[in-house]
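User: I am in my first year and would like a close look at the part of this chain where strands lie side by side in sheets. Could you take me through it slowly?

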Amino acid sequence: MREINTLSVSPNPASEMTNVTYEVKNAGQVRVEIRDESGRVYEVITNEALDAGTYTKAIETSKYQDKTYYISISDGKTITTEKLLIQK
């Protein structure tokens with residue numbers, strides 16, 4: 001049985017910076033990306049083969065407009081998504 005990867009965003013809402021923490025349950029190709037409400041990719045945080053484990057990336061959000069974005073982690077079999085609200 002394949003375990004589902006986890007994802008968290010803090011602080012949320014964010015203004016200047018936020019931390020994206022994601023746990024990879026099974027080693028393999030992982031893509032973490034930020035999309036807007038229309039599905040357009042704003043930023044790819046990672047797209048690489050990773051070992052199982054927990055990873056944290058600091059994201060500069062000052063370049064984003066004030067609105068809702070979605071951060072997702074995908075391993076080709078499962079996708080987990082969290083909302084990210086930008087408020088300046």
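Analyst: A term is needed before we begin: two strands are said to pair if DSSP finds at least two bridges between them. With that in mind, and remembering that what you see is a predicted model, look for the open sheet of three strands, whose order is β1-β2-β5 and whose pairing is antiparallel. In this sheet β1, residues 6-10, and β5, residues 53-60, each have a single partner strand and stand at the edges, so one side of each is left without a neighbour in the sheet. If direction is ignored, neighbouring strands here are turned against each other by 15 degrees on average.

To see one pairing in detail, follow β1 and β2, the latter covering residues 17-24, which are joined in the antiparallel sense over five bridges. One place to find this pairing is Ser8, whose bridge partner in β2 is Thr21.

Now turn to another open sheet, which has four strands in the order β4-β3-β6-β7, again with antiparallel pairing. Its edge strands are β4, at residues 41-50, and β7, at residues 79-85, and each of them pairs on one side only. From one strand to the next, the twist in this sheet averages 15 degrees. Within it, strand β3, residues 28-36, runs antiparallel to β4 and is joined to β4 by eight bridges. A residue pair to look for here is Val32 with its bridge partner in β4, Thr46.

Methods. Residues are numbered from 1 along each chain as its sequence is written. This is a predicted model: local features need pLDDT of at least 70, side-chain atom pairs count only at pLDDT 80 or more; totals for chains, interfaces and linings use all residues. Side-chain values use heavy atoms; hydrogens and water are left out. Helices (H or I, at least four residues) and strands (E, at least two) are DSSP runs, numbered from the N terminus. Axes are lines fitted to C-alpha atoms, for helices over the stretch in contact, and angles run from 0 to 180 degrees between N-to-C directions.
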